[in-house]
Amino acid sequence: MPAHEPVAVPAFLYGTAWKEDRTEALTELALRSGFRGIDTANQRRHYFEAGVGRGLAAAYRAGVVTRADLFLQTKFTYQNGQDHRLPYDPAADLATQVAQSMASSLEHLGTDHVDSYVLHGPASGAGWTEEDAEVWAAMVRERDAGRTRLLGVSNVSWRHLEQMALSGAETPAFVQNRCFARRGWDRDVRGWCQERGIVYQGFSLLTANVEVLRAELIADIAVRLRATPAQVVFAFARAIGMLPLTGTSDPEHMRQDLAGLTLTLAPSEVQAIEVLAG
Ligand SMILES: NC(=O)c1ccc[n+]([C@@H]2O[C@H](COP(=O)([O-])OP(=O)(O)OC[C@H]3O[C@@H](n4cnc5c(N)ncnc54)[C@H](OP(=O)(O)O)[C@@H]3O)[C@@H](O)[C@H]2O)c1
């Protein structure tokens with residue numbers, strides 16, 4: 001089991017990627033709608049973390065939530081995943097880059113700690129490298145210093161995780177991956193996580209699985225539950241132990257995503273969806 005204090009993790013994470021100037025307003029709206037978990041990254045190319053912080057501040061000021069009500073997750077991103085707007089000195093060593101990126105995230109988010117700090121992606125698609133080991137050790141130090149409660153890795157394969165474990169690295173609390181139905185909803189990685197008590201966070205559950213959203217099986221279940229196909233996919237994700245992310249910009253979809261938390265699929269439906277595409 002990962003060595004960490006138990007932390008309440010919400011059943012849904014609201015993702016803040018690709019929202020640019022709307023980030024502040026959509027983060028506040030997500031909190032007003034009832035989301036209590038926020039996912040972001042100190043990667044200006046795809047996220048506007050300072051805008052997330054402003055959305056949080058607006059919700060605090062309006063008395064919608066307090067910091068203690070929230071699960072805040074952000075990420076460290078290597079330079080090759082960034083544009084020119086870097087949150088660290090690219091000439092510094094990786095451990096220093098992690099410390100600088102974290103300090104910048106805390107400033108953006110107006111907090112002294114996040115709840116989860118995620119390595120956005122390993123340095124190489126081929127396996128867990130020495131750079132990853134250096135970054136992960138620096139992330140562990142951030143955790144030990146109290147600047148994050150938990151640690152995670154993202155965009156990883158079974159091989160990355162296996163090599164990470166073999167290197168003696170501390171087990172992450174979270175794995176966050178794009179979840180393709182045609183790969184058995186990331187079956188190998190989910191299985192690896194399940195054996196070790198790691199929470200699997202799935203993103204692109206809708207956008208990576210457009211064919212599933214149109215499948216007759218999903219439509220039939222949606223009719224039975226009086227739900228939308230998207231709600232059925234999120235209910236399935238939860239039923240197989242996943243923590244789903246949604247990045248909707250639509251207030252009605254925010255409402256539907258949270259309302260769907262009460263939906264329960266039959267075990268036979270869960271099994272059928274799991275093998276629907278791969
Ligand atoms: N670790 C990584 O590398 C990584 C990569 C990608 C994403 N993420 C995280 O995951 C979050 C979610 O990203 P995503 O790729 O899953 O895509 P997304 O940004 O959530 O996009 C979902 C798409 O589905 C549509 N949609 C239709 N019905 C919906 C419903 N009921 N609920 C939600 N969406 C609905 C949305 O449109 P409407 O806006 O009109 O609803 C939107 O176009 C990101 O914001 C980010 O935080 C992480």
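This report describes the ligand site and one aromatic pair in a predicted model.

## The ligand and its pocket

The ligand occupies the largest pocket of the model. Two elements of the shell around the ligand are strands, β6 (174-178) and β8 (242-246), and two are helices, α9 (229-239) and α10 (251-259); these are the elements that contribute two or more residues each. Helix α10 supplies the largest share, with three residues.

The shell comprises 14 polar, eight nonpolar and five charged residues. Of the 27 residues around the ligand, those that come nearest are D39, S204, G247, T248 and H253.

## Polar contacts and burial

Both side-chain and backbone atoms of the protein approach the ligand. In the side chain of T248, an N or O atom is 2.4 Å from an oxygen atom of the ligand; T248 is also among the residues that come nearest to the ligand. S249 places a backbone N or O atom 2.8 Å from a ligand oxygen atom. For S154, a polar side-chain atom lies 2.8 Å from a nitrogen atom of the ligand.

The ligand taken alone exposes 890 Å², and the protein buries 80% of that area.

## Aromatic pairs

The model has eight aromatic pairs, counted with ring centres within 6.5 Å. One of them joins F71 and F174 in an edge-to-face arrangement, with 5.8 Å from centre to centre and 75° between the planes.

F71 belongs to strand β3 (residues 71-76) and F174 to strand β6, so this pair ties together parts that lie 103 residues apart in sequence. Strand β6 also gives two or more residues to the shell around the ligand.

Terms used
Residues are numbered from 1 along each chain as its sequence is written. This is a predicted model: local features need pLDDT of at least 70, side-chain atom pairs count only at pLDDT 80 or more; totals for chains, interfaces and linings use all residues. Side-chain values use heavy atoms; hydrogens and water are left out. A residue is near a molecule or strand if one of its heavy atoms lies within 4 Å of it. A polar contact is a pair of N or O atoms within 3.5 Å; within protein, one must be able to donate a hydrogen and the other to accept it, and residues adjacent in sequence count only if both atoms are side-chain atoms. Accessible areas come from the Shrake-Rupley method with a 1.4 Å probe; for residues, only the protein chains shown count as cover. On a 1 Å grid over the protein atoms alone, a cavity is a set of points where a 1.4 Å probe fits but cannot get out, and a pocket is an open set with protein on both sides within 12 Å along at least five of seven lines; lining residues have an atom within 4 Å of a point. A molecule sits in a cavity or pocket if more than half of its atoms lie within 2 Å of its grid points. Helices (H or I, at least four residues) and strands (E, at least two) are DSSP runs, numbered from the N terminus. Ala, Val, Leu, Ile, Met, Phe, Trp, Tyr, Cys and Pro count as nonpolar, Asp, Glu, Lys and Arg as charged, and the others, Gly among them, as polar. Rings of Phe, Tyr and Trp (its six-membered ring) pair if their centres lie within 6.5 Å; planes under 30 degrees apart count as stacked, over 60 as edge-to-face and the rest as tilted.
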